[in-house]
Amino acid sequence: MEVFQKGNHGTPILILTGMGCSFDEWVEVAESLSKTNRIIMFHRPGLGESEIEEEIRTTTSTMEEAHHLLAILDIAEPVIMIGHSYGGLCVQHFTKVYPHKVRALVLVDSTSHDLEKLDTLDLPILNQNSSDKEWLEDCQTYAHLTEEELRKIIQPVLTENQKRLPMPVQERLINFQQKPYLYKAMKSEAENWKADAKIIKELGPFPDTPLLVIGRDKEYVIQQGVEEGLPESELMLLENTWEQLIKEQAKLSKKSRVVFAEKSGHSVHLDSPDYIIAAIQDITADIRLN
């Protein structure tokens with residue numbers, strides 16, 4: 001398993017990335033927080049240099065991998081867990097099963113355990129070229145190609161925010177996209193996440209763990225979509241529903257609050273890294289005071 005570690009003091013922070021996302025996207029956040037905390041990130045099997053065999057990828061497997069990693073690193077104290085997107089679903093699972101291992105939880109535009117509500121939305125244009133079935137078929141195809149064949153098809157590029165990262169990180173992000181096993185892992189995770197969400201929901205009450213829920217800027221995302229030629233009515237329906245799911249996540253714990261990062265899309269850590277850093281620093285300061 002490929003693991004990133006930086007920093008050697010303070011409450012450990014474990015960051016779980018989104019589906020198909022590299023921990024290198026978090027380098028700016030990790031570098032800053034490592035001055036006061038021990039930062040740990042890992043690539044799930046199939047991502048980066050982490051090998052994948054024929055196992056089924058679920059939030060349960062990620063939860064147990066995270067638990068095992070903490071044991072290997074001899075981290076016995078409760079940690080601050082950060083989960084982005086699909087990684088947020090995984091840390092919700094972890095927190096329910098191992099509540100004594102979590103000092104505080106941060107969900108960054110996280111997938112909800114009620115994600116099936118998104119399937120009921122009438123979004124004909126948005127779904128026109130990006131149905132789940134077609135995406136899974138693409139992943140199946142990509143998983144059986146060589147890296148060179150895959151590179152020619154997907155022609156990997158970086159977002160504008162990724163282009164602002166250090167050059168070695170940019171190169172790693174390009175290489176990350178053209179590894180066939182990435183698509184094998186994503187296909188398996190995507191095939192199981194709805195069942196995973198139901199399992200998580202049925203595990204019982206969420207512990208009263210300090211919880212910060214960070215959501216994207218609805219108006220910003222709608223504006224970006226309109227500028228790309230997408231229908232405003234469908235964007236509004238999707239974003240209003242997503243915002244409601246984010247707000248409902250704040251109800252998981254009695255010790256929670258929800259905030260929305262201005263001018264940030266789904267990748268809040270790339271759009272507004274300073275916002276994420278400041279939010280985590282507030283949490284660590286509260287931990288030190290208490």
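These legends describe close-up views of a predicted model.

**View 1. The whole chain, with its 11 helices and seven strands.**
The radius of gyration is 18 Å, close to the 19 Å that the globule rule gives for 290 residues, so the chain is as compact as a globular protein of that length. The C-alpha trace spans about 50 × 40 × 40 Å along its principal axes. Of the 290 residues, 53% count as buried. Among contacts in the chain with a separation of 6 or more, 79% are between residues 24 or more positions apart. The exposed area of the chain is about 13900 Å², and carbon and sulfur atoms supply 51% of this area.

**View 2. The largest nonpolar core, a set of 40 residues.**
The members that touch the most other members are Leu14, Leu16, Met81, Phe94, Leu105, Leu107 and Tyr183. Helix α7 gives the most to this core, with five residues. A second, separate core has 26 residues, including Ile15, Ile39, Ile82 and Ile283.

**View 3. The surroundings of Leu14.**
Neighbours within four places in sequence are left aside here. Leu14 is then in contact with Ile40, Phe42 and Ala66, and also with Leu70, Ile80, Met81 and Ile82. Both Leu14 and Met81 are listed among the residues of the largest nonpolar core that touch the most other members.

**View 4. Helix α6, residues 167–177, and its buried residues.**
Val169, Gln170, Leu173 and Phe176 are buried in this helix. These residues cover an arc of only 120° around the axis, which puts them on the same side of α6. An α-helix has 3.6 residues a turn, so residues three or four places apart point the same way. The cover over the buried residues of α6 includes α1 (27–33) and α7 (180–201).

**View 5. Helix α4, residues 132–142, and its buried residues.**
Leu136, Cys139 and Tyr142 are the buried residues of α4. Their arc around the axis is only 125°, which puts them on the same side of α4. The packing partners of these buried residues are α5 and α7. Helix α7 is also part of what covers the buried residues of α6.

**View 6. Cysteines Cys90 and Cys139, neither of them in a disulfide.**
The count of disulfides in the model comes to zero, with a cut-off of 2.5 Å between cysteine sulfur atoms. For Cys90, the nearest cysteine sulfur is that of Cys21, 12 Å away. Cys90 is buried, with a relative accessible area of 1%. For Cys139, the nearest cysteine sulfur is again that of Cys21, at 13 Å. Cys139 has a relative accessible area of 2% and is buried; this cysteine is one of the buried residues of helix α4.

**View 7. Lys152 in helix α5, residues 147–154.**
Lys152 is exposed, with a relative accessible area of 56%. Gln178 lies 26 residues from Lys152 along the chain, and the C-alpha atoms of the two are separated by 9.1 Å. Helix α5, which holds Lys152, is one of the helices against which the buried residues of α4 pack.

Conventions:
Residues numbered from 1 in each chain as written. Predicted model: local features only at pLDDT ≥ 70, side-chain atom pairs only at ≥ 80, totals over all residues. Heavy atoms only, no water. Buried < 20%, exposed > 50% of the residue type's maximum accessible area, 1.4 Å probe, protein only. Helix = DSSP H or I, 4+ residues; strand = E, 2+ residues; numbered from the N terminus. Arc of directions from axis to C-beta. Contact = heavy atoms within 4.5 Å. Core = buried A, V, L, I, M, F, W, Y, C linked by side-chain atoms within 4.5 Å. Rg over C-alpha atoms; globule rule 2.2 N^0.38 Å. Areas by Shrake-Rupley, 256 points an atom, 1.4 Å probe, with all protein chains shown as cover.
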